[in-house]
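Open the model in your viewer and keep the sequence panel in sight. Each stop below gives a selection and then what to find there.

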Amino acid sequence: MLFEVWAPQAEDRVSLWLEGSERPMARLEGRAGWWSEHTDAADGARYGFALDGGPVLPDPRSRRQPDGTDGLSAVVHQDTYVWRGDWPGRRLRAAVLYELHVGTYTREGTFDAAAERLGELAELGITHIELMPVCPFPGVHGWGYEGVSLWAVHEPYGGPEALKRFVDTAHGHGLGVVLDVVHNHLGPSGNHLPAFGPYFTDTHHTPWGSAVNLDAPGSDEVRAYLLDSALAWLRDFRLDGLRLDAVHALADTRALTFLEELSTAVDTLSGELGRPLFLIAESDLCDPRTTTPRQSGGIGVHAQWNDDFHHALHTALTGESQGYYADFAARPLTALAKTLTRAFFHDGTYSSFRGRTHGRPVDVIRTPAHRFLGYSQTHDQIGNRALGDRLSAVLSPGLLACAAALVLTGPFTPMLFMGEEWGAGTPWQFFTDHTDPELAEAVRRGRRREFAAHGWAEEEIPDPQDPATRERSCLDRTEQEREPHARLLAWYRELIGLRRTQSDLTDPDLAAVKVAYDEEARWLAFRRGELRIAVNLAKEPAEIPLGGGGRVLATWEPVQPPGADGLLRLPPQSCVVLADS
């Protein structure tokens, strides 16, 4: 087996420590900073590297950290896992994604426990699971965004083999699997990369400190580290796509950006493997170039989260107006109508939250709607609230049904957050398990200080380090058997079924979407081909001028098609899907 490491920080020597024995490594000719050693090693053998006689550190490209982020690495022979069969892949178009956190999807918090529930999601009509990050992080439980060892899998979840079993099971149910990966920072604990080379640079600063080095000296190898990691997830674990966390935080001034390089590499790998692969960016830039194909001058990422749609929908449903919601809350249905037809609300408009103009228009003629993900809830939009409260904590079942209708019949690729489908009553709070007491206290104080500025008392903010915070965030599936949860779950199933059988609901033509609304009366209706969808967010019945005729395909409350007067009489906090004939 060939052991290699990029360690330009080493002055004289690098040693491989394998199962307690030291072996000197040789410099690789023609590859500056690289060292190698060839020797036999069994699957699971512990190893690490020591630079200039220093401490033994885990491999930057470790595939397994069985003893945690500070422990030795373990050898992983990828060919020991026997896959059940070939997987042809599943494209993003016509998809319904489901964001899932392994540690709270079940009480057990493991891949194997989550895999046992995948049949339920396939039956619901989900097409892809979007896993939150699974790289190793301190302790047992956490969101995953403080991960290190970007090639490895969190051991308490089950490690790399358990992830393969999860993906294998998902594919057996016809479900694709997308993984959330974090390239804009690494966690503060267990990050040993700076000892090896210039993985970070002070040329730029980010909310997490020094930036990942994408454009300073040494950045060629850092880019290769991230690129090869991304491709390894897709190749070795048979994943179908990657979600790229906060790409707006990637500090990169090079002419060929890292994102463009990554999209090129993924498309190349897709051709080699003979199955579709895709990238989904999280970006708050409102820049259509992110998803514009490279041949048209764009970056070539295949899709992106659309927070503008979320913010417009959230303000329309809740009336909240603090922070970044302020721009949307002045006229929320106007904002929602704009996002349904133009994708971005901020497309060169003034943002009071940012104090400047923001965004760029989407070319709706040339840009397919499925390149944008639409959602009413995500891990961010729930977990970054003071109490981690879901929409179900503040909205009636009828308004939850309206939110579902707007997401699942809208023009964008729908994404649900786990438990949303039955209006889960459990919160999803911010929780950590830092083993460093000083870091744990700093996180605790920082969380409370952040929300104290918004009027919250310290004792009201859940302690991220308290195990009970994670326990409260685990789903309670017994809710599905009770009302109003059972009815809402049936509604989600019905809407997803319509999306599968009604081709108009997956039409990528964003320019064809037509919207009407009444800001004061709080109703909105839109057309998708031969289908009309109407929602009434008000507490009073609404009379909506849709035109006569049609038939009801799905409705939250009993309703008749518009009569001869062309008016749809929609009950309070309700919604309906109508076909023209």
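Where does Pro484 lie? Select it: Pro484 sits in the loop that runs between α13 (467–473) and α14. Keep in mind that this is a predicted model. Now show the backbone of Glu483 and Pro484. The peptide bond joining them is cis, with omega at about 5°.

**Stop 1: α14 and α11**

Move on to α14, residues 485–501, and add α11, residues 397–408. Their axes come within 10 Å and cross at roughly 15°. Under 35 degrees counts as roughly parallel, so α11 is roughly parallel to α14. The crossing of α11 and α14 is right-handed.

Show side chains at this contact. From α11, select Pro397, Leu400, Ala401, Ala404, Ala405, Val407 and Leu408. From α14, select Leu488, Trp491, Tyr492, Leu495, Ile496 and Arg499. Colour them by class: the contact of α11 with α14 has 12 nonpolar residues, 1 charged and no polar.

**Stop 2: α11 and α7**

Keep α11 and bring in α7, residues 307–318. How do these two helices pack? The angle between α7 and α11 is about 155°, and their axes are 11 Å apart. Over 145 counts as roughly antiparallel, so α7 and α11 are roughly antiparallel to each other. The crossing of α7 and α11 is right-handed.

Select Phe309, Leu313 and Leu317 in α7. They meet Leu399, Ala403, Leu406 and Val407 in α11. By class, this contact of α7 with α11 divides into 7 nonpolar residues, with no polar and no charged. Val407 is worth a click: it is listed in the contact with α14 and also meets α7.

**Stop 3: Thr315**

Stay on α7 and centre on Thr315, which belongs to this helix. Is Thr315 buried or exposed? Thr315 counts as buried, because its relative accessibility is 2% and the cut-off for buried is under 20%. Show its contacts beyond four places in sequence: Thr315 touches Glu320, Tyr325, Phe328, Ala329 and Pro332.

**Stop 4: α9**

Pro332 leads into the next selection. It is one of the buried residues of α9, which spans residues 332–342. How many residues of α9 are buried? The count is 8 of its 11, and the helix is mostly covered. Select the buried set: Pro332, Leu333, Ala335, Leu336, Ala337, Thr339, Leu340 and Thr341. The cover over them includes α7, α8 (326–329), α11, β21 and β22. Then step just past the end of α9 to Ala343, where phi is positive, at about 75°.

**Stop 5: the five-stranded sheet**

Switch to a cartoon view. Here 5 strands form an open sheet, ordered β21-β22-β23-β27-β25, with antiparallel pairing. Its edge strands are β21 (514–518) and β25 (551–555), each paired on one side only. Neighbouring strands in this sheet are turned by 20° against each other on average, direction ignored.

Zoom in on β22 (residues 523–528) and β23 (residues 531–536). They pair in the antiparallel sense over 6 bridges. Pick out Arg528, which stands opposite Leu531 in β23. Now bring α9 back: it packs on this sheet and touches β21 and β22. The direction of α9 makes about 175° with that of β21.

**Stop 6: the three-stranded sheet**

Find another open sheet, this one of 3 strands in the order β1-β5-β4, with antiparallel pairing. β1 (2–6) and β4 (26–27) are at the edges; each has a single partner strand, so one side of each lacks a neighbour in the sheet. β4 pairs with β5 (residues 34–38) over 2 bridges. In this pairing, Arg27 stands opposite Trp35 in β5.

**Stop 7: two loop residues**

Finish with backbone angles. Select Ala94, in the loop between β8 (73–74) and β9 (97–100). Its phi is near 70°, positive although the residue is not glycine. Ala94 is partly exposed, with a relative accessible area of 44%.

Then select Cys286, in the loop between β15 (278–281) and β16 (303–305). The phi of Cys286 is near 50°, again a positive value outside glycine. Cys286 counts as buried, at 5% relative accessibility.

Conventions: Residues are numbered from 1 along each chain as its sequence is written. This is a predicted model: local features need pLDDT of at least 70, side-chain atom pairs count only at pLDDT 80 or more; totals for chains, interfaces and linings use all residues. Side-chain values use heavy atoms; hydrogens and water are left out. Axes are lines fitted to C-alpha atoms, for helices over the stretch in contact, and angles run from 0 to 180 degrees between N-to-C directions. Helices (H or I, at least four residues) and strands (E, at least two) are DSSP runs, numbered from the N terminus. Angles under 35 degrees count as roughly parallel, over 145 as roughly antiparallel, 65 to 115 as roughly perpendicular and the rest as oblique. A crossing is left-handed if the near helix is turned anticlockwise from the far one by less than a right angle, and right-handed if clockwise. Contact means heavy atoms within 4.5 Å. Ala, Val, Leu, Ile, Met, Phe, Trp, Tyr, Cys and Pro count as nonpolar, Asp, Glu, Lys and Arg as charged, and the others, Gly among them, as polar. Two strands pair if DSSP finds at least two bridges between them. Buried means under 20% relative accessible area, exposed over 50%, partly exposed in between (1.4 Å probe, protein chains only).
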